[in-house]
Amino acid sequence: MTRVFITGVAGQDGSLLAGRLASDGAQVHGLVRTSADAAEAAPRLPAGVTLHVGDLLDTAAVERIIAEVAPTEVYNLAGVSSVAQSWVDPVVTGMVSGVGAVAVFEAAWRLQERTGNPVRVLQASSAEIFGQAEISPQDERTPLRPTSPYGAAKAYAHHMASIYRGRGLPVSTCVLYNHESPSRPTAFVTRKITSTVARIAHEGRGHLTLGRTDVRRDWGWAPDYVDAMVRAVRHESADDYVVATGEVHTVAEFVEVAMRHAGIEDWESHLRIDETLVRPADAAEQVGDPSKARRVLGWAPTVDFAGIVARMVDHDLELLRSRP
């Protein structure tokens, strides 16, 4: 039986990945920071997932847990997941998303050295490592030029994945572009949009307040991106892969599609702009070239932009309608 260990198992990608792997018959273990996090995450995870409490910054604990679990696959998804939050606390972001990843690599490498069995690792990288890229779309050869603490931390982990690969640890990276699902917290702009749009449609009034709406992003469906992670970690050769759709849309387009799907035709009258919400050094456009993932992994997205928005709006409308 495949035994897997997922850091960040309580997040959007972690919970989706746990469900995917459990349905494949794998024995799934996950890392959460506290006992309270474990209690909160458990209802969202499939039955049979074993949770371990530990902090990525406690390298001894990380090594001990990975040694005890003895996984054949490790998925490192943990970290500060918000670019905006990384500006609020850049030190913690660097430690958790950067140094924490190295703690996972080192623990996996030591397990592999001790047992003689390969430990395949997936590092969840991010399009933010490219920052204000001069090349568009970006691919695996695009220079790393992060412009946020989040991007810098992810870039460090990305570099270290390559170093550990050279050391003999089969660690792959998936450079993930924006990927969404109803599991996104409302702190993320996409879920903020769909949950607010659902409320406006449900109540027949209200408005949505955003920062820049001309930012252009490559949005995909999160379960598709989880599928890419599994394909990457199980490929015979560890490598780097850009995981994206290759299509770009503005935040304004996201809002319009969400509003119209909810039956709000005069969508612009419900939109407010607040300049204080604009993040510093935000890249104007991010779009990835997934050609290598398509060619090598046989991966392809299954849900288009409009379908992603529609599914999220429908989910948030259903939440409102089901309330007593």
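V91 sits in helix α5, and in this predicted model it is a good place to start looking. The residue is exposed, because its relative accessible area of 62% lies over the 50% cut-off. V91 also belongs to a nonpolar patch on the surface, together with L57, M95, V99 and Y156. From there, the points below take in helix α5, helix α1 and two strand residues.

**The nonpolar patch**
- L57, V91, M95, V99 and Y156 together offer about 430 Å² of accessible area.
- Helix α5 supplies the largest share of this patch, with three residues.
- In an α-helix there are 3.6 residues a turn, so residues three or four places apart point the same way.

**Helix α5**
- This helix covers residues 90–115, and its length is 26 residues.
- From first C-alpha to last, α5 reaches 37 Å, which is close to the 38 Å expected at 1.5 Å a residue.
- There is a bend of about 30 degrees in α5 at V99, and V99 is also one of the patch residues.
- Just after α5 comes G116, with a positive phi near 80 degrees.

**Helix α1**
- Helix α1 runs over residues 12–23, and its twelve residues should span 16 Å at 1.5 Å a residue; the end C-alpha atoms are 17 Å apart, so the two values agree.
- If you want to see which side chains of α1 are tucked away, the buried residues are Q12, D13, G14, S15, L17, A18 and L21.
- The cover over these buried residues includes strands β1 (3–7), β2 (27–32), β4 (73–76), β6 (171–176) and β7 (179–180), along with helix α8 (222–234).
- G25 follows α1, and its phi is positive too, near 95 degrees.

**S172 in strand β6**
- S172 is found in β6, one of the elements that cover the buried residues of α1.
- At 1% relative accessibility S172 is buried, because that value is under the 20% cut-off.
- Leaving aside residues up to four places away in sequence, S172 touches V121, L122, Q123, R165, A232, A238 and D239.

**R272 in strand β13**
- R272 lies in β13, a strand made of residues 271–273.
- With 39% relative accessibility, R272 counts as partly exposed, because the value falls between 20% and 50%.
- Although R272 and T209 are 63 residues apart in sequence, their C-alpha atoms are 4.6 Å apart in space.
- T209 is among the contacts of R272, which also touches H207, L208 and L210 when residues up to four places away in sequence are not counted.

Methods:
Residues numbered from 1 in each chain as written. Predicted model: local features only at pLDDT ≥ 70, side-chain atom pairs only at ≥ 80, totals over all residues. Heavy atoms only, no water. Patch = residues over 30% accessible without salt bridge, like charges linked within 9 Å, V, L, I, M, F, W, Y side chains within 5 Å. Areas by Shrake-Rupley, 256 points an atom, 1.4 Å probe, with all protein chains shown as cover. Salt bridge = Lys/Arg side-chain N within 4 Å of Asp/Glu carboxyl O. Helix = DSSP H or I, 4+ residues; strand = E, 2+ residues; numbered from the N terminus. Buried < 20%, exposed > 50% of the residue type's maximum accessible area, 1.4 Å probe, protein only. Expected span 1.5 Å × (residues − 1). Bend = angle between axes of the 7 residues up to and from the residue. Contact = heavy atoms within 4.5 Å.
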